[in-house]
Amino acid sequence: MSAEFGRRNFLKFALAALSLVGLSPTVPRADDNFIIVQSTTSTQNSGLFDHLLPLFTDKTGIEVRVVAVGTGQALKNAENGDGDVVLVHSQPDEEKFVADGWGVKRYPVMYNDFIIVGPGADPAKIAGLNQAPEALKKIAEAKAPFASRADDSGTHKAELKLWEQAGIDPKASSGSWYLETGSGMGATLNTAVGKQAYALTDRGTWLAFANKGDFKVLVEGDDKLFNQYGVILVNPTKHPNVKAKEGQAFIDWLVSPEGQAAIASYTIDGQQLFFPNARPQS
Amino acid sequence: MLDKPTSFMPPEELALTSDRLLPLELKGLSLVAGRRRLIDGVDLSLEYPGISVIMGPNGAGKSLLLRLMHGLMAPTKGDILWAGIPMNGQIRRRQAMVFQKPVLFRRTAAANITHALGLRGVVRSERRPRAYQALQLAGLEGRASTPARVLSGGEQQRLCLARALSLIPDVLFLDEPTASLDPASTLAIERLLIDAQHRGIKVIVVTHDVGQARRLAQDVIFLHHGKVIEHQPAPRFFREPDSDVARAFIAGGLVL
Amino acid sequence: MLDLSEAFRAALRQISLLDPQLIEIVGLSLKVTLTAVAIATIIGFALGGALAVYRFPGRGALAAVLNALMGLPPVVAGLFVYLFLSNAGPLGVLQLLYTPLAMIIAQVILITPIIAALTRQTCEDLLEEYREQLRSLGASSAAIVTTLLWDGRYRLVTAVLAGFGRAIAEVGAVMIVGGNIDHVTRTMTTAIALETSKGNIALALALGMILLAIALAINMALMGIRRIASHFAYA
């Protein structure tokens, strides 16, 4: 009867199914030509990688797999050897990474800027200010809600530096008007829009963000809002599994005139998001 | 349904089986749980031929005694000897048991038998033929592909009996097999037991139904409070029981 | 603010267009979870069956541990696997991090306890009923396990479906060990998280609706199975 058939052949079916899955390209093969880049959520959310990486792959045949987490986690992952290249935006941490021997050399790649966005109603009246710390001070005085990433990322560290320059400790008000989301840039922006809170964001993510509501760019242009990106090869002597050749090829391309032009050509609604500023390679 | 017993093992072959399991000897058998003596120093000897019936009021320990004989439970004290050999797994595998409530696998009627045969180590090619013979014997060949558990109560118990018989046991135990069955099913089961006995299987039945005992028994073991009060050939037991308890029980009274 | 109806319409449009990106993501989710379920089923059936039938020291403790692991938070399972597979960890040499295989491993860890615990319960319930008869038949412990597994097949199928439902819907484990890499380890749940964070509500909704449809299908399959089982008295 069919029951007997099922029982007798169940094992055969199960093994056949498993082998089908094994043959499918989900199982990684040793000759796959790819590198893993530890980068940040803001860079990913801006859509830069979707634009940039295919160009590199077309040229070199090397696939680039991006793991997007916060800057702190990206650097920690790289310390563990779970990546070949890091591309983040927190210069002091990047320099420490290299100094501690985890990275080979830091190359500046591009910059964008941070902006402060907020609700159209702008309760703290910061629109048009060109000094970011001053704007934050007004937000604190008005006790207007502010959403912080609070996740040890480059953006978060930049934000904390601005509060310091404003002479305010926002953490004391954590939970009341200062909201520490502990999330990536996009998730934090969702929270900000949802709670009609101000937020510090990089321009790239903001331009690509599809859920702006009635929010506007309120403060920009202060050179304290300058956001520099650096790219580093993970040190292969510390982690022999690092694909040094392919990783360096990626870095070389990024800082080459071709890569720099590719970065500059990425726009949203006609606006350029990232500004290449690699030092000319001799 | 059953006019003449169909057999899948001619009586001569059974007679040639050299090592019979009987006589069964119970010596000083006791089962104690906590402070209660459930089986209290039973001495008993059972032989071929004939159906042995274990009778007694509820709570006398009949089911327990059956399970001890079949090795499903271990006694606290005493011996269970089959042809002089102490009860063991090998001996149990030459026996079969039918329980009061039919225990059927969640499969078809035929599959219940073939699976049991498989568990007993019968070669695959022999399982289906034996199963179908057993189903025929019990008049269930038309229900072979029916899920066993949708069968009626009587059919289920007949199936359990057919399954037991397919194993060609030396000894067949039954624990109140027709307790909740209608008269037609009861008759069918009893006929199967008589047929089995004729083919050389030792049948040991527990029942509290005096009428059934009268119909089936060659000898009667009367149990009360865990003790064997009487062990007699059936005609004498029913005509003139030795004990007052047995007399009261046969007469249909409540025996405490 | 967010226009829900517009988002729904956009989502339905994407689904009906059979957007290749959508198909790739759904396909990967199914591949990862179905593989994990297959492996977890084999391990879970064996473990659950053995626990129900065999007596050995520590049996009770193992059963209790399995029951507790049923509630293992997916993100904890992911963290655990990550620590092992990271290049700084003991199994780093396998280079499994950020691959679908790592996700499969994490999901196997997640759902095996569920299947094993439910298998054990099913087998124990059946054993209550069958124990004496099986002993009378002289079945070996291994034979008893296979008997119970087949007899309990309808309840066991629901256990497998429960495991599948849990795995297809979790995001914590696959996010940590998979890294949500585009075209490589991006599943329905991690994609929903990402697209939501980018404000791409339409795509997130489309994926969400597919996920809901799968959950609905599982539940209907469960109901159907229960009905068949009771019809044949196989329950």
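What follows is a walk through a sheet, a helix pair and a loop residue in chain B, and then the overall make-up of chain C. The model is predicted, and everything below should be read with that in mind.

Chain B has an open sheet built from six strands, with mixed pairing. Going across it, the order is β6-β7-β8-β3-β9-β10. In general, strands of a sheet pair through backbone hydrogen bonds, and they can do so either parallel or antiparallel. At the edges of the chain B sheet sit β6 (95-98) and β10 (227-233); each has a single partner strand, so one side of each is left without a neighbour in the sheet. Neighbouring strands here are turned against each other by 15° on average, direction ignored. For β6(B), the partner is β7 (residues 171-175), and the two run in the parallel sense over four bridges. Within this pair, Met97(B) lies opposite Phe173(B) of β7(B).

Next comes a pair of helices in chain B. Helix α4 (residues 109-119) packs against helix α6 (residues 153-166) at an angle of about 30°, and their axes are 9 Å apart. Because angles under 35 degrees count as roughly parallel, α4(B) is roughly parallel to α6(B). Their crossing is right-handed. On the α4(B) side, the contact is made by Ala109(B), Asn112(B), Ile113(B), Ala116(B) and Leu117(B), while α6(B) brings in Leu159(B), Ala162(B), Arg163(B) and Ser166(B). Sorted by class, that contact has six nonpolar residues, two polar ones and one charged one.

The loop between α5 (124-137) and α6 of chain B is home to Arg149(B). Is this residue buried, exposed or partly exposed? Arg149(B) has 18 C-beta neighbours inside 10 Å, so it counts as partly exposed, given that a buried residue needs 20 or more and an exposed one has 12 or fewer. Leaving aside residues up to four places away in sequence, Arg149(B) touches Leu104(B), Arg106(B) and Ala233(C). Of these, Leu104(B) is 45 residues away along the chain, yet its C-alpha atom is separated from that of Arg149(B) by 6.8 Å.

Ala233(C), touched by Arg149(B), leads on to chain C. This chain has ten helices and zero strands, so its pattern along the sequence is simply α-α-α-α-α-α-α-α-α-α. Its C-alpha atoms fill a box of roughly 70 × 50 × 25 Å along the principal axes. Of the 235 residues in chain C, 47% are buried. Among its contacts between residues at least 6 apart in sequence, 79% join residues at least 24 apart.

Key. Residues are numbered from 1 along each chain as its sequence is written. Chains are lettered from A and ligands numbered from 1 in the order in which they are written. This is a predicted model: local features need pLDDT of at least 70, side-chain atom pairs count only at pLDDT 80 or more; totals for chains, interfaces and linings use all residues. Two strands pair if DSSP finds at least two bridges between them. Axes are lines fitted to C-alpha atoms, for helices over the stretch in contact, and angles run from 0 to 180 degrees between N-to-C directions. Angles under 35 degrees count as roughly parallel, over 145 as roughly antiparallel, 65 to 115 as roughly perpendicular and the rest as oblique. A crossing is left-handed if the near helix is turned anticlockwise from the far one by less than a right angle, and right-handed if clockwise. Two residues are in contact if their C-beta atoms, placed from the backbone, lie within 7 Å. Ala, Val, Leu, Ile, Met, Phe, Trp, Tyr, Cys and Pro count as nonpolar, Asp, Glu, Lys and Arg as charged, and the others, Gly among them, as polar.
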